[in-house]
Every structure is written in C-alpha cells, then in structure tokens.
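Colleague: I would like a close look at a single part of this model, namely the largest cavity and what lines it. Which residues line it, and which elements give two or more residues to that lining?

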Amino acid sequence: MTDDEIFVKLDFANAVNTLRRDIMLQTVYDTIPEIHAFTHQAYSAESQLQFGSFVVRSQMGPQQGDPSGPLLFSLPLQPVLRTKRSDFRIGYLDDLSLGGKKDDVRQDVALIEDMESSLGLVLNRHKCKLYSKTESTGAEFEGFKLLNIGSLLLLDAPLFRGAALDEALIKHGETLERAATDLACLRAQAALILLRASFGATKLTYLLRTGPPYGHPALEKMDVEMRSGLESILNMSLNDIQWLQATLPIINGGPGIRRVSMLATSAYLASAASTKSLVSAILNKAEWGDAHLDELLEARKNTQPSSAESIWKQKMWDRPLIESDKAVVSINRARLNAVTSPHAGDWLSTIPVRNCGLDLSNEAI
C-alpha cells in the first residue's frame with residue numbers, strides 16, 4: 001500500500017434480516033433461473049412465525065436454517081461488488097472489504113451506504129474498520145475504527161504479526177491449559193481422544209492455514225501444555241524421545257498428539273498452494289508478494305516434498321518432517337515397526353462405548 005491507499009472492512013446492521021426479498025428473488029431470476037420457481041414458492045409470501053400467542057411476520061431476508069440462505073443473500077451483493085471502483089473488493093456474505101485509492105474507496109463506501117433504499121442494507125459505521133498509513137482519512141469515514149497493521153483481521157484471521165495474532169494465540173493457549181487440567185479428571189481413553197481431536201492442533205488448524213503464526217513463542221508454549229496434559233492423562237513422565245514419538249500421526253506409530261509448532265509451516269504452505277489461482281483472480285495478478293510464504297519456503301528449503309505434484313495437500317508438506325522425527329525415534333526399530341504395522345493403532349480411534357466392550361481401563365491405556 002502507498003500513502004494514498006486505504007483498506008476498509010464494512011459491517012451491516014442485522015444484514016441477513018434486512019435484505020429486501022423482492023430484490024433477492026429478482027436476482028435469482030436473472031442469475032439462476034433454474035431455481036427461481038422453488039425460491040419464489042418459499043419467499044414470495046411472508047412467513048408467519050409463531051411465538052406463544054404472538055405471530056411474527058417474516059418479510060425480509062432469507063430464513064435462518066435455509067441451506068440456500070447464504071447463496072440467496074450473496075447473489076444481490078455480487079453485482080454491487082463488480083461495479084465498484086476499488087482495486088481490491090471481496091465479500092463473504094455480509095463481510096465486505098475494499099482497498100485502493102482513497103477517492104475510489106470513498107466513492108464506493110458512499111454508494112454502499114445508499115443500498116438501504118435499493119437492498120435494505122444499512123451500514124453500521126461504528127463496527128466498520130479502516131487501515132491507512134496516514135492519519136488523515138476524511139470525514140466520509142467518520143465513525144470507522146482506525147486500526148494499525150498488527151490489528152488487521154479478515155474473517156477472524158490475523159493478516160500480519162502483531163496484537164491480533166498475539167491475542168488469538170493466547171486465547172487458544174488459555175483454552176488448552178484449562179482443558180489439559182480438566183481432562184486429567186476423566187477416564188484416560190476419553191481424555192486421550194478429546195486431547196487429540198478437540199483441543200490440540202485440530203482447534204488451531206484455521207489459524208495455521210490462514211495466519212502467520214510460524215515461529216511465534218505461543219506455539220512452543222502450547223506444545224508444552226500438550227505434553228503436560230498427555231503426561232497427566234497417561235500418569236507417566238515422557239522423555240524427549242517418547243514425546244517425539246507421541247507427536248507422530250497414528251499411522252506412523254504415535255498417538256497423534258501433533259505439535260502445532262511443527263504443523264505451522266505445512267498448514268500454511270498447503271493452503272497457499274491450494275488457493276493460488278483464487279488469490280490470483282482476486283488480486284488480478286499472476287504473481288504477488290507474500291513475505292510470510294517466502295519465509296516458510298526458506299525455512300523448509302531442506303524438507304520440501306519430493307514431488308511438485310499434490311503440494312496443495314498438507315500431508316505432502318508434513319511427510320518430510322514426520323520422516324525426520326521417525327529417524328530420531330527409530331532407536332528402537334523393532335518397537336517402531338510393531339506400532340506402525342497395519343491396524344496397530346486402531347485402538348486409538350475407538351470410541352469408548354462400554355456396552356460394546358470398547359471402554360478400556362486407565363491401566364490398559
């Protein structure tokens with residue numbers, strides 16, 4: 001961005017419940033006439049919602065719970081985005097983001113504010129956000145919250161290193177710390193499944209794939225919490241080699257308690273590869289700069305996938321790191337061969353249903 005460019009995130013007040021249905025139905029007719037009859041049957045007349053003795057007349061927007069609701073809401077906004085002057089313009093349902101020259105963005109925001117009469121959508125200025133390299137932004141953005149670069153979020157993903165990323169990781173870390181303490185009170189089998197599937201790397205996948213957390217000290221701290229929680233569940237202490245094996249996937253001889261610090265590079269690199277064509281379309285550029293991506297590629301220059309094919313799969317980036325860990329763990333080759341044999345780790349994925357005889361005792365675990 002240059003000094004005369006700005007980035008804004010727009011928010012609408014109660015957007016889904018204020019969209020005009022006549023415009024929504026007309027857009028469906030113009031864009032996807034194949035489903036117009038079905039949509040017309042569902043939305044041409046008001047819905048009467050019963051609440052005790054009261055009747056609420058639903059006359060605006062798609063109904064909550066309608067599987068086609070997101071499509072019906074997005075269709076009227078698509079032509080609005082296409083006609084804007086800003087260089088950067090994207091929308092995800094009611095989250096609109098614009099970026100470009102100040103005058104272009106200013107005119108676009110003014111036009112979007114006029115959508116109350118055409119679409120029924122009202123801009124909520126107090127929840128709109130703005131980033132600019134200069135302090136002066138103009139009266140047209142009055143009420144917008146001015147952010148610094150470290151506080152920028154897009155769909156809850158921190159765009160840069162800074163306060164937003166720190167807050168997100170600290171929040172995950174605190175949740176993991178509380179969970180690790182509470183899991184020790186459960187039966188070992190259930191606790192082990194929950195730690196692996198609900199509170200560890202799985203919970204952090206979205207952030208790892210979209211944000212720049214690689215190298216953040218909070219990731220190492222989370223790994224320490226995972227190790228401590230695993231030791232409490234198993235009622236034993238793990239040396240460094242045992243902990244390394246514990247972080248291997250089940251198919252590779254571990255219980256699948258993955259290290260988030262290890263997954264950070266693989267998750268982002270796979271995500272970048274799988275979305276390259278989409279990003280090129282959004283930015284209207286065949287190539288673009290991504291400092292975080294360059295940093296990860298440099299960090300992984302000696303552990304990249306052996307084949308350029310399928311680099312959009314996270315497991316392809318993960319495999320070289322797993323093989324490196326297995327080489328350290330393979331001090332006891334016979335044991336490693338045993339736990340990596342077919343079906344050797346099936347018990348780790350078994351749901352503890354006592355009536356089916358699948359509930360293992362703490363001692364068995």
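Modeller: What follows takes the largest cavity and its lining, and then turns to the sheet. The model is a predicted one, and in it there are 3 cavities of 30 Å³ or more. The largest cavity holds about 80 Å³ of space, and its lining is made up of His172, Thr175, Leu176, Phe199, Gly200, Lys203, Leu204, Met222, Met226 and Val260. Two or more residues of that lining come from each of helix H6 (163-183), helix H8 (201-210) and helix H9 (217-234), and H6 gives the most, with 3 residues. By residue class, the lining of the largest cavity divides into 6 nonpolar, 3 polar and 1 charged.

As for the sheet, 5 strands form an open arrangement in the order S4-S5-S1-S6-S7, with mixed pairing. Its edge strands are S4 (88-92) and S7 (145-147), each of which pairs on one side only, while the twist from one strand to the next averages 15°. At the S4 edge, S4 and strand S5 (residues 95-101) run antiparallel and are joined by 5 bridges; within this pairing, Phe88 has Gly99 in S5 as its bridge partner. Helix H4 (residues 102-113) lies across strand S1 (5-10), S5 and strand S6 (129-132), and runs at about 150° to S5.

Notes: Residues numbered from 1 in each chain as written. Predicted model: local features only at pLDDT ≥ 70, side-chain atom pairs only at ≥ 80, totals over all residues. Heavy atoms only, no water. 1 Å grid on protein atoms, 1.4 Å probe; cavity = no way out; pocket = protein on both sides within 12 Å on 5 of 7 lines; lining within 4 Å. Points joined across faces, edges and corners; volume = space filled by probe spheres on them. Helix = DSSP H or I, 4+ residues; strand = E, 2+ residues; numbered from the N terminus. Nonpolar A, V, L, I, M, F, W, Y, C, P; charged D, E, K, R; others polar. Pairing = 2+ DSSP bridges. Axes fitted to C-alpha atoms, helices over the stretch in contact; angles between N-to-C directions. Contact = heavy atoms within 4.5 Å.
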